[in-house]
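This report describes selected features of a two-chain model. The sequence and the structure are shown first, and the description follows.

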Amino acid sequence: MFDDFFVRALFAGIGIAFVTGPLGCFVVWRRLSYFGDTLAHSALLGVTMAYTLDLNIAISVFLISSVIALILIQLQKKTNLPGDALLGLLAHSSLAVGLVVIGFLTFIRFDIMGLLFGDILAVTTDDLLIIWIGGALILLVLKLIWKPLFASTVNYELAEAEGLNPDRAKAIFTILMAAVIAISIKMVGLLLITGMLIIPAAMARNISDSPQKMVLFSIIGGLLSVVLGLYSSLEFNTSSGPSIIAASLVLFILSLFKIKQSIKLKN
Amino acid sequence: MRTENNILVKLHNAGFKQNNKWLVEGVSLTVEKGKIVTLIGPNGSGKSTTAKIALGIYKNIEGNVEKYTNKVGYVPQKISIDWTLPLRVCDFMLLTESISEKDIDEALSLTGVIHLKNKNLGNLSGGEFQRVLIARAISKKPELLVLDEPVQGVDYTGEIALYELIKNISDTLSCGILLISHDLHTVMTATDHVVCLNGHVCCSGSPMDVAKNNEYKALFGEKASQILTVYEHKHDHVHSEEGEIKKN
(Lines give C-alpha, C1' and ligand atoms only; values in the text may rest on other atoms or scores of the structure.)
Protein backbone atom coordinates (compact mmCIF):
# COMPACT_ATOMS: atom_id res chain seq x y z
CA MET A 1 0.00 0.00 0.00
CA PHE A 2 2.88 2.37 0.85
CA ASP A 3 4.47 1.68 -2.54
CA ASP A 4 2.55 4.53 -4.02
CA PHE A 5 4.24 7.87 -3.33
CA PHE A 6 0.87 9.56 -3.06
CA VAL A 7 -0.39 7.20 -0.37
CA ARG A 8 2.84 7.76 1.54
CA ALA A 9 2.42 11.51 1.28
CA LEU A 10 -1.19 11.26 2.40
CA PHE A 11 -0.30 9.23 5.48
CA ALA A 12 2.62 11.51 6.28
CA GLY A 13 0.37 14.57 6.02
CA ILE A 14 -2.34 12.99 8.18
CA GLY A 15 0.21 12.11 10.84
CA ILE A 16 1.56 15.66 10.83
CA ALA A 17 -1.92 17.20 11.04
CA PHE A 18 -2.68 15.20 14.20
CA VAL A 19 0.37 16.78 15.88
CA THR A 20 0.27 20.32 14.48
CA GLY A 21 -3.41 20.68 15.49
CA PRO A 22 -2.96 20.75 19.28
CA LEU A 23 0.54 22.24 19.16
CA GLY A 24 -0.69 24.98 16.82
CA CYS A 25 -3.35 25.97 19.35
CA PHE A 26 -0.63 26.62 21.92
CA VAL A 27 1.38 28.55 19.31
CA VAL A 28 -1.64 30.82 18.77
CA TRP A 29 -2.52 31.09 22.47
CA ARG A 30 1.03 31.81 23.59
CA ARG A 31 1.79 34.10 20.61
CA LEU A 32 4.66 31.96 19.45
CA SER A 33 4.26 32.16 15.68
CA TYR A 34 7.56 34.00 15.21
CA PHE A 35 9.22 31.55 17.53
CA GLY A 36 7.98 28.72 15.30
CA ASP A 37 9.29 30.59 12.28
CA THR A 38 12.71 30.97 13.85
CA LEU A 39 12.97 27.28 14.64
CA ALA A 40 11.86 26.44 11.11
CA HIS A 41 14.48 28.72 9.54
CA SER A 42 17.17 27.15 11.65
CA ALA A 43 16.05 23.80 10.27
CA LEU A 44 17.99 24.53 7.08
CA LEU A 45 21.16 24.41 9.11
CA GLY A 46 19.96 21.07 10.46
CA VAL A 47 19.43 19.75 6.96
CA THR A 48 22.92 20.75 5.83
CA MET A 49 24.34 19.12 8.94
CA ALA A 50 22.44 15.94 8.08
CA TYR A 51 24.04 15.88 4.62
CA THR A 52 27.54 16.69 5.84
CA LEU A 53 27.56 14.16 8.67
CA ASP A 54 25.29 11.65 6.92
CA LEU A 55 22.64 11.80 9.66
CA ASN A 56 18.90 11.32 9.47
CA ILE A 57 17.36 14.68 8.49
CA ALA A 58 14.62 14.63 11.14
CA ILE A 59 17.05 13.87 13.95
CA SER A 60 19.59 16.47 12.88
CA VAL A 61 16.89 19.15 12.39
CA PHE A 62 15.53 18.30 15.83
CA LEU A 63 18.98 18.71 17.40
CA ILE A 64 19.75 22.02 15.69
CA SER A 65 16.29 23.48 16.41
CA SER A 66 16.59 22.50 20.07
CA VAL A 67 20.00 24.14 20.31
CA ILE A 68 18.65 27.32 18.67
CA ALA A 69 15.74 27.32 21.14
CA LEU A 70 18.16 26.99 24.06
CA ILE A 71 20.34 29.81 22.69
CA LEU A 72 17.24 31.98 22.40
CA ILE A 73 16.28 31.35 26.03
CA GLN A 74 19.83 32.23 27.12
CA LEU A 75 19.90 35.41 25.00
CA GLN A 76 16.56 36.47 26.47
CA LYS A 77 18.04 36.21 29.95
CA LYS A 78 21.39 37.83 29.18
CA THR A 79 20.57 40.73 26.84
CA ASN A 80 18.21 43.66 26.91
CA LEU A 81 17.12 43.18 23.31
CA PRO A 82 13.40 42.73 22.71
CA GLY A 83 12.14 39.23 21.95
CA ASP A 84 11.26 39.84 18.30
CA ALA A 85 14.71 41.26 17.53
CA LEU A 86 16.34 38.17 19.02
CA LEU A 87 14.01 35.92 17.03
CA GLY A 88 14.83 37.76 13.81
CA LEU A 89 18.52 37.61 14.57
CA LEU A 90 18.47 33.85 15.11
CA ALA A 91 16.07 33.09 12.26
CA HIS A 92 17.95 34.92 9.55
CA SER A 93 21.46 34.22 10.72
CA SER A 94 20.79 30.48 10.96
CA LEU A 95 19.13 30.56 7.53
CA ALA A 96 22.09 32.46 6.10
CA VAL A 97 24.67 30.16 7.70
CA GLY A 98 22.72 27.19 6.38
CA LEU A 99 22.76 28.58 2.84
CA VAL A 100 26.47 29.43 3.06
CA VAL A 101 27.26 25.88 4.19
CA ILE A 102 25.22 24.54 1.25
CA GLY A 103 27.49 26.60 -1.02
CA PHE A 104 30.47 24.63 0.29
CA LEU A 105 28.81 21.27 -0.23
CA THR A 106 29.32 21.26 -3.99
CA PHE A 107 29.48 17.47 -4.09
CA ILE A 108 25.80 17.17 -3.13
CA ARG A 109 22.96 18.08 -5.43
CA PHE A 110 20.50 20.03 -3.31
CA ASP A 111 16.81 20.41 -3.97
CA ILE A 112 16.52 23.83 -2.34
CA MET A 113 12.93 24.34 -3.49
CA GLY A 114 11.91 21.02 -1.97
CA LEU A 115 13.54 22.01 1.27
CA LEU A 116 11.84 25.39 1.42
CA PHE A 117 8.39 24.35 0.27
CA GLY A 118 8.12 20.62 0.87
CA ASP A 119 8.37 17.75 -1.57
CA ILE A 120 5.68 15.16 -1.98
CA LEU A 121 8.01 12.75 -3.79
CA ALA A 122 10.60 12.80 -1.05
CA VAL A 123 8.52 11.03 1.60
CA THR A 124 9.88 7.52 2.21
CA THR A 125 8.54 4.70 4.38
CA ASP A 126 11.26 5.55 6.91
CA ASP A 127 9.93 9.10 7.04
CA LEU A 128 6.46 7.69 7.67
CA LEU A 129 7.77 5.74 10.65
CA ILE A 130 9.48 8.83 12.03
CA ILE A 131 6.35 10.93 11.58
CA TRP A 132 3.97 8.45 13.19
CA ILE A 133 6.20 7.28 16.05
CA GLY A 134 7.63 10.75 16.65
CA GLY A 135 4.17 12.27 16.38
CA ALA A 136 2.71 9.80 18.88
CA LEU A 137 5.51 10.61 21.32
CA ILE A 138 4.97 14.35 20.90
CA LEU A 139 1.26 13.99 21.57
CA LEU A 140 1.89 11.78 24.60
CA VAL A 141 4.29 14.30 26.13
CA LEU A 142 1.90 17.15 25.32
CA LYS A 143 -0.88 15.31 27.13
CA LEU A 144 1.36 14.85 30.17
CA ILE A 145 2.25 18.55 30.39
CA TRP A 146 -1.17 19.79 29.28
CA LYS A 147 -2.38 20.98 32.69
CA PRO A 148 0.64 23.08 33.72
CA LEU A 149 1.17 24.33 30.18
CA PHE A 150 -2.43 25.36 29.71
CA ALA A 151 -2.73 26.88 33.18
CA SER A 152 0.40 28.96 32.69
CA THR A 153 -0.84 30.02 29.26
CA VAL A 154 -3.93 31.41 30.95
CA ASN A 155 -1.99 32.94 33.85
CA TYR A 156 1.59 32.24 34.79
CA GLU A 157 1.37 33.35 38.41
CA LEU A 158 -1.72 31.28 39.16
CA ALA A 159 -0.01 28.18 37.81
CA GLU A 160 3.19 28.90 39.72
CA ALA A 161 1.37 29.75 42.97
CA GLU A 162 -0.71 26.60 42.88
CA GLY A 163 2.30 24.38 42.39
CA LEU A 164 2.19 23.40 38.71
CA ASN A 165 5.79 24.17 37.73
CA PRO A 166 5.09 26.18 34.57
CA ASP A 167 8.78 26.76 33.75
CA ARG A 168 9.38 23.07 33.25
CA ALA A 169 6.26 22.78 31.08
CA LYS A 170 7.45 25.69 28.94
CA ALA A 171 10.90 24.14 28.42
CA ILE A 172 9.36 20.81 27.42
CA PHE A 173 6.97 22.57 25.05
CA THR A 174 9.94 24.26 23.35
CA ILE A 175 11.48 20.86 22.71
CA LEU A 176 8.15 19.63 21.32
CA MET A 177 8.12 22.56 18.89
CA ALA A 178 11.57 21.59 17.64
CA ALA A 179 10.36 18.00 17.27
CA VAL A 180 7.25 18.84 15.25
CA ILE A 181 9.34 20.96 12.87
CA ALA A 182 11.79 18.10 12.51
CA ILE A 183 9.15 15.56 11.53
CA SER A 184 7.24 17.81 9.14
CA ILE A 185 10.06 19.60 7.29
CA LYS A 186 10.19 17.16 4.36
CA MET A 187 6.47 17.33 3.84
CA VAL A 188 5.63 21.01 4.25
CA GLY A 189 9.00 22.69 3.84
CA LEU A 190 10.68 25.02 6.27
CA LEU A 191 9.06 28.23 5.07
CA LEU A 192 5.56 26.87 5.47
CA ILE A 193 5.65 24.81 8.67
CA THR A 194 4.50 27.76 10.77
CA GLY A 195 1.52 28.07 8.44
CA MET A 196 0.58 24.46 9.15
CA LEU A 197 0.76 25.23 12.87
CA ILE A 198 -1.11 28.51 12.86
CA ILE A 199 -3.71 28.53 10.11
CA PRO A 200 -5.79 25.48 11.18
CA ALA A 201 -5.62 26.71 14.81
CA ALA A 202 -6.71 30.21 13.76
CA MET A 203 -9.55 28.69 11.77
CA ALA A 204 -10.54 26.62 14.83
CA ARG A 205 -10.53 29.72 17.07
CA ASN A 206 -13.20 31.27 14.88
CA ILE A 207 -15.59 28.41 15.42
CA SER A 208 -14.96 27.27 19.00
CA ASP A 209 -15.96 28.45 22.44
CA SER A 210 -13.79 26.16 24.56
CA PRO A 211 -10.14 25.09 24.45
CA GLN A 212 -10.99 21.42 23.88
CA LYS A 213 -13.19 22.26 20.90
CA MET A 214 -10.48 24.47 19.46
CA VAL A 215 -7.95 21.64 19.60
CA LEU A 216 -10.43 19.24 18.00
CA PHE A 217 -11.37 21.63 15.17
CA SER A 218 -7.72 22.48 14.66
CA ILE A 219 -6.91 18.80 14.08
CA ILE A 220 -9.90 18.37 11.77
CA GLY A 221 -8.91 21.52 9.86
CA GLY A 222 -5.36 20.24 9.46
CA LEU A 223 -6.56 16.85 8.22
CA LEU A 224 -8.90 18.44 5.67
CA SER A 225 -6.12 20.77 4.49
CA VAL A 226 -3.76 17.83 3.97
CA VAL A 227 -6.29 15.80 1.99
CA LEU A 228 -7.57 18.72 -0.08
CA GLY A 229 -4.07 20.12 -0.61
CA LEU A 230 -2.50 16.84 -1.67
CA TYR A 231 -5.27 15.91 -4.09
CA SER A 232 -5.16 19.32 -5.71
CA SER A 233 -1.36 19.20 -5.94
CA LEU A 234 -1.79 15.91 -7.81
CA GLU A 235 -4.48 17.40 -10.00
CA PHE A 236 -2.75 20.69 -10.83
CA ASN A 237 0.85 19.49 -10.54
CA THR A 238 1.71 22.03 -7.81
CA SER A 239 4.14 21.52 -4.92
CA SER A 240 2.69 19.76 -1.89
CA GLY A 241 3.50 22.20 0.91
CA PRO A 242 2.01 25.33 -0.66
CA SER A 243 -1.06 23.37 -1.79
CA ILE A 244 -1.73 22.17 1.79
CA ILE A 245 -1.29 25.66 3.22
CA ALA A 246 -3.51 27.16 0.50
CA ALA A 247 -6.21 24.62 1.34
CA SER A 248 -6.01 25.57 5.03
CA LEU A 249 -6.35 29.22 4.02
CA VAL A 250 -9.58 28.38 2.19
CA LEU A 251 -10.89 26.71 5.36
CA PHE A 252 -9.89 29.76 7.40
CA ILE A 253 -11.80 32.07 5.06
CA LEU A 254 -14.86 29.81 5.33
CA SER A 255 -14.62 29.95 9.13
CA LEU A 256 -14.89 33.75 8.99
CA PHE A 257 -18.52 33.39 7.93
CA LYS A 258 -19.25 31.60 11.17
CA ILE A 259 -17.91 34.58 13.16
CA LYS A 260 -20.13 36.94 11.22
CA GLN A 261 -23.13 34.78 12.08
CA SER A 262 -22.38 34.66 15.78
CA ILE A 263 -21.88 38.45 15.89
CA LYS A 264 -25.24 38.86 14.18
CA LEU A 265 -26.84 36.53 16.72
CA LYS A 266 -25.46 38.56 19.62
CA ASN A 267 -26.87 41.77 18.23
CA MET B 1 -3.07 24.57 70.52
CA ARG B 2 0.01 25.79 68.76
CA THR B 3 1.79 22.89 67.19
CA GLU B 4 4.27 22.88 64.37
CA ASN B 5 1.78 20.89 62.30
CA ASN B 6 -0.67 23.73 62.16
CA ILE B 7 1.72 26.00 60.33
CA LEU B 8 1.01 26.30 56.62
CA VAL B 9 3.51 28.89 55.57
CA LYS B 10 6.17 30.72 57.50
CA LEU B 11 8.19 33.71 56.33
CA HIS B 12 11.34 34.49 58.20
CA ASN B 13 12.98 37.84 57.52
CA ALA B 14 11.91 37.53 53.90
CA GLY B 15 12.48 40.23 51.32
CA PHE B 16 12.57 40.71 47.57
CA LYS B 17 14.75 43.02 45.53
CA GLN B 18 14.05 44.04 41.95
CA ASN B 19 16.36 46.23 39.87
CA ASN B 20 18.40 46.94 43.01
CA LYS B 21 15.37 48.27 44.82
CA TRP B 22 13.81 46.52 47.77
CA LEU B 23 10.13 45.94 47.15
CA VAL B 24 9.78 44.64 50.66
CA GLU B 25 12.23 43.43 53.27
CA GLY B 26 12.43 41.83 56.67
CA VAL B 27 8.96 40.31 56.72
CA SER B 28 8.28 37.58 59.23
CA LEU B 29 4.85 36.09 59.52
CA THR B 30 3.14 32.77 59.99
CA VAL B 31 -0.15 31.53 58.58
CA GLU B 32 -1.72 28.69 60.52
CA LYS B 33 -4.68 26.44 59.83
CA GLY B 34 -8.01 28.11 60.51
CA LYS B 35 -6.44 31.53 61.01
CA ILE B 36 -6.79 34.68 58.94
CA VAL B 37 -3.74 36.88 58.61
CA THR B 38 -4.32 40.24 56.98
CA LEU B 39 -1.75 42.47 55.35
CA ILE B 40 -2.49 46.17 55.34
CA GLY B 41 -0.45 49.13 54.21
CA PRO B 42 -0.41 51.99 51.72
CA ASN B 43 0.11 51.52 47.96
CA GLY B 44 3.53 50.24 47.11
CA SER B 45 4.16 49.02 50.62
CA GLY B 46 4.88 45.49 49.44
CA LYS B 47 1.63 43.69 50.25
CA SER B 48 1.29 41.83 46.97
CA THR B 49 5.03 41.17 46.92
CA THR B 50 4.80 39.58 50.34
CA ALA B 51 1.94 37.38 49.14
CA LYS B 52 3.98 36.32 46.11
CA ILE B 53 6.96 35.53 48.32
CA ALA B 54 4.73 33.35 50.47
CA LEU B 55 3.38 31.60 47.38
CA GLY B 56 6.82 30.93 45.96
CA ILE B 57 6.25 32.97 42.79
CA TYR B 58 9.38 35.01 43.41
CA LYS B 59 12.45 32.82 43.36
CA ASN B 60 15.49 34.90 44.32
CA ILE B 61 14.39 36.12 47.70
CA GLU B 62 16.28 37.09 50.81
CA GLY B 63 15.51 35.33 54.05
CA ASN B 64 13.52 32.16 53.91
CA VAL B 65 10.07 30.78 53.34
CA GLU B 66 8.85 27.46 54.62
CA LYS B 67 5.74 26.21 52.89
CA TYR B 68 4.09 23.14 54.34
CA THR B 69 1.26 22.67 51.91
CA ASN B 70 0.76 22.31 48.19
CA LYS B 71 -2.99 22.72 48.27
CA VAL B 72 -3.07 26.42 47.55
CA GLY B 73 -5.82 28.67 46.21
CA TYR B 74 -4.74 32.06 44.91
CA VAL B 75 -6.74 35.11 43.94
CA PRO B 76 -4.22 37.55 42.42
CA GLN B 77 -4.70 41.29 42.55
CA LYS B 78 -4.16 41.81 38.87
CA ILE B 79 -4.87 39.12 36.37
CA SER B 80 -4.45 39.63 32.69
CA ILE B 81 -6.00 36.87 30.69
CA ASP B 82 -5.41 36.73 27.00
CA TRP B 83 -8.74 36.60 25.21
CA THR B 84 -7.26 34.75 22.24
CA LEU B 85 -8.14 31.78 24.40
CA PRO B 86 -11.70 30.56 24.10
CA LEU B 87 -12.33 30.00 27.80
CA ARG B 88 -15.63 29.51 29.57
CA VAL B 89 -16.11 29.92 33.30
CA CYS B 90 -16.42 26.14 33.69
CA ASP B 91 -13.10 25.60 31.85
CA PHE B 92 -11.44 28.20 34.05
CA MET B 93 -12.66 26.43 37.19
CA LEU B 94 -10.68 23.34 36.14
CA LEU B 95 -7.51 25.31 35.43
CA THR B 96 -5.11 23.97 38.02
CA GLU B 97 -6.92 20.94 39.39
CA SER B 98 -9.52 18.49 38.20
CA ILE B 99 -12.47 18.97 40.50
CA SER B 100 -15.91 17.43 40.35
CA GLU B 101 -18.88 19.04 38.65
CA LYS B 102 -20.62 19.18 42.04
CA ASP B 103 -17.77 21.11 43.68
CA ILE B 104 -17.70 23.56 40.77
CA ASP B 105 -21.43 24.22 41.05
CA GLU B 106 -21.20 24.57 44.81
CA ALA B 107 -18.36 27.09 44.67
CA LEU B 108 -20.02 29.13 41.93
CA SER B 109 -23.28 29.17 43.91
CA LEU B 110 -21.49 30.32 47.06
CA THR B 111 -20.07 33.35 45.27
CA GLY B 112 -23.34 33.96 43.44
CA VAL B 113 -22.25 33.39 39.86
CA ILE B 114 -23.63 29.93 39.06
CA HIS B 115 -25.69 31.45 36.23
CA LEU B 116 -22.46 32.41 34.44
CA LYS B 117 -21.08 28.87 34.34
CA ASN B 118 -21.20 28.50 30.56
CA LYS B 119 -20.41 32.11 29.73
CA ASN B 120 -17.19 33.10 28.06
CA LEU B 121 -14.73 34.52 30.55
CA GLY B 122 -14.06 37.53 28.32
CA ASN B 123 -17.70 38.65 28.54
CA LEU B 124 -17.82 39.00 32.32
CA SER B 125 -17.82 42.31 34.16
CA GLY B 126 -15.02 43.11 36.59
CA GLY B 127 -17.08 42.21 39.64
CA GLU B 128 -18.42 39.01 38.09
CA PHE B 129 -14.90 37.94 37.15
CA GLN B 130 -13.72 38.63 40.68
CA ARG B 131 -16.45 36.33 42.04
CA VAL B 132 -15.38 33.63 39.59
CA LEU B 133 -11.77 34.02 40.75
CA ILE B 134 -12.82 33.52 44.37
CA ALA B 135 -15.00 30.55 43.41
CA ARG B 136 -12.08 28.94 41.59
CA ALA B 137 -9.76 29.42 44.53
CA ILE B 138 -12.16 27.91 47.09
CA SER B 139 -13.53 25.12 44.90
CA LYS B 140 -10.35 23.10 45.20
CA LYS B 141 -10.74 23.10 48.98
CA PRO B 142 -7.26 24.46 49.61
CA GLU B 143 -5.36 24.36 52.85
CA LEU B 144 -3.94 27.80 52.19
CA LEU B 145 -5.88 30.62 50.56
CA VAL B 146 -4.08 33.73 49.44
CA LEU B 147 -6.50 36.51 48.59
CA ASP B 148 -5.06 39.71 47.15
CA GLU B 149 -7.80 42.35 47.26
CA PRO B 150 -10.41 39.67 46.56
CA VAL B 151 -13.47 41.91 46.42
CA GLN B 152 -12.20 44.71 44.17
CA GLY B 153 -14.92 45.84 41.83
CA VAL B 154 -17.63 43.92 43.68
CA ASP B 155 -20.76 45.84 44.65
CA TYR B 156 -21.19 46.90 48.27
CA THR B 157 -23.65 44.23 49.42
CA GLY B 158 -21.67 41.61 47.56
CA GLU B 159 -18.53 42.74 49.33
CA ILE B 160 -19.99 42.10 52.77
CA ALA B 161 -21.38 38.72 51.69
CA LEU B 162 -18.07 37.67 50.20
CA TYR B 163 -16.11 38.61 53.31
CA GLU B 164 -18.60 36.59 55.36
CA LEU B 165 -18.05 33.72 52.94
CA ILE B 166 -14.29 33.99 53.36
CA LYS B 167 -14.66 33.90 57.13
CA ASN B 168 -16.93 30.85 56.82
CA ILE B 169 -14.48 29.06 54.60
CA SER B 170 -11.68 29.55 57.06
CA ASP B 171 -13.90 28.00 59.73
CA THR B 172 -15.42 25.12 57.75
CA LEU B 173 -12.36 24.04 55.79
CA SER B 174 -10.07 25.15 58.62
CA CYS B 175 -7.76 26.54 56.00
CA GLY B 176 -5.31 29.34 56.64
CA ILE B 177 -5.94 32.61 54.84
CA LEU B 178 -3.50 35.30 53.89
CA LEU B 179 -5.67 38.29 53.04
CA ILE B 180 -4.71 41.62 51.55
CA SER B 181 -7.30 44.27 52.06
CA HIS B 182 -7.71 48.01 51.94
CA ASP B 183 -10.89 47.74 53.93
CA LEU B 184 -9.98 48.49 57.52
CA HIS B 185 -13.48 47.54 58.71
CA THR B 186 -13.01 44.02 57.43
CA VAL B 187 -9.60 43.81 58.94
CA MET B 188 -11.09 44.45 62.33
CA THR B 189 -14.04 42.12 62.16
CA ALA B 190 -12.67 38.96 60.64
CA THR B 191 -8.96 38.86 61.19
CA ASP B 192 -6.92 37.01 63.78
CA HIS B 193 -3.65 38.72 63.05
CA VAL B 194 -2.77 41.94 61.24
CA VAL B 195 0.54 42.77 59.65
CA CYS B 196 0.97 46.41 58.75
CA LEU B 197 3.50 46.88 55.98
CA ASN B 198 5.35 49.88 54.65
CA GLY B 199 8.30 48.39 52.81
CA HIS B 200 8.98 46.51 56.03
CA VAL B 201 6.77 45.30 58.86
CA CYS B 202 5.83 48.47 60.66
CA CYS B 203 3.75 46.73 63.29
CA SER B 204 1.84 43.52 63.72
CA GLY B 205 -0.39 41.79 66.20
CA SER B 206 -4.07 41.45 66.93
CA PRO B 207 -6.27 44.07 65.21
CA MET B 208 -6.66 46.02 68.43
CA ASP B 209 -2.94 46.04 69.14
CA VAL B 210 -2.24 47.36 65.68
CA ALA B 211 -4.93 50.02 65.94
CA LYS B 212 -3.30 51.37 69.07
CA ASN B 213 0.18 51.34 67.59
CA ASN B 214 1.67 54.76 66.97
CA GLU B 215 3.35 53.80 63.70
CA TYR B 216 0.01 52.60 62.42
CA LYS B 217 -1.55 55.92 63.38
CA ALA B 218 1.25 57.76 61.61
CA LEU B 219 0.68 55.71 58.49
CA PHE B 220 -3.11 55.76 58.28
CA GLY B 221 -3.94 58.82 60.36
CA GLU B 222 -5.78 59.24 63.61
CA LYS B 223 -9.14 58.67 61.89
CA ALA B 224 -8.26 55.13 60.90
CA SER B 225 -7.46 54.33 64.46
CA GLN B 226 -10.87 55.55 65.50
CA ILE B 227 -12.61 53.49 62.84
CA LEU B 228 -11.17 50.44 64.43
CA THR B 229 -12.06 51.38 67.98
CA VAL B 230 -15.71 51.54 66.96
CA TYR B 231 -15.54 47.80 66.77
CA GLU B 232 -14.09 47.38 70.18
CA HIS B 233 -16.75 45.66 72.18
CA LYS B 234 -16.96 42.95 74.74
CA HIS B 235 -18.33 39.64 73.57
CA ASP B 236 -21.15 38.57 75.78
CA HIS B 237 -21.11 35.02 74.51
CA VAL B 238 -18.76 32.35 73.30
CA HIS B 239 -19.24 29.63 70.72
CA SER B 240 -19.10 26.00 71.77
CA GLU B 241 -17.33 23.52 69.56
CA GLU B 242 -20.65 22.53 68.00
CA GLY B 243 -21.27 26.13 67.09
CA GLU B 244 -23.94 26.78 69.73
CA ILE B 245 -23.96 30.11 71.48
CA LYS B 246 -23.23 30.12 75.18
CA LYS B 247 -23.78 33.24 77.25
CA ASN B 248 -20.93 34.19 79.49
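A residue is counted as buried if 20 or more other C-beta atoms lie within 10 Å of its own. The model discussed here is predicted.

**Helix α1 and the sheet of chain B**

By that criterion, nine of the nine residues of helix α1 (residues 47-55) of chain B are buried, so the helix is largely enclosed by the rest of the structure. The residues concerned are Lys47(B), Ser48(B), Thr49(B), Thr50(B), Ala51(B), Lys52(B), Ile53(B), Ala54(B) and Leu55(B). Just after α1(B) comes Gly56(B), with a positive phi of about 85 degrees.

The same helix, α1(B), lies across β1, β2 and β4 of chain B and runs at about 120 degrees to β1(B). These three strands form an open sheet in the order β2-β1-β4, with antiparallel pairing. At the edges stand β2 (21-32) and β4 (62-67) of chain B; each has a single partner strand, so one side of each is left without a neighbour in the sheet. On average, and with direction ignored, neighbouring strands of the sheet are turned by 15 degrees against each other. Strand β1 (residues 7-18) of chain B is joined to β2(B) by eight bridges, and the two run antiparallel. Within this part of the chain, Gln18(B) stands opposite Lys21(B) in β2(B).

**A helix pair in chain A**

In chain A, helix α3 (residues 57-78) packs against helix α8 (residues 166-188) at an angle of about 145 degrees, and their axes are 8 Å apart. The crossing of α3(A) with α8(A) is right-handed. From α3(A), the contact includes Ile57(A), Val61(A) and Phe62(A); from α8(A), the residues met include Ile175(A), Ile181(A) and Lys186(A). By class, the residues of this contact divide into 12 nonpolar, three polar and one charged.

**The contact between the chains**

Across the interface, 19 residues of chain A are in contact with 19 residues of chain B. On the side of chain A that touches chain B, at least two residues each are supplied by α1 (5-29), α6 (125-154), α7 (156-161) and α10 (211-236) of chain A. The largest share of that side, five residues, comes from α7(A). Its composition by class is tabulated below.

| Class, side of chain A that touches chain B | Number |
|---|---|
| Nonpolar | 10 residues |
| Polar | four residues |
| Charged | five residues |

How values were computed. Residues numbered from 1 in each chain as written. Chains lettered and ligands numbered in written order. Predicted model: local features only at pLDDT ≥ 70, side-chain atom pairs only at ≥ 80, totals over all residues. Axes fitted to C-alpha atoms, helices over the stretch in contact; angles between N-to-C directions. Helix = DSSP H or I, 4+ residues; strand = E, 2+ residues; numbered from the N terminus. Left-handed = near helix turned anticlockwise from the far one by under 90°. Contact = placed C-beta atoms within 7 Å. Nonpolar A, V, L, I, M, F, W, Y, C, P; charged D, E, K, R; others polar. Buried ≥ 20, exposed ≤ 12 C-beta atoms within 10 Å, placed from the backbone. Pairing = 2+ DSSP bridges.
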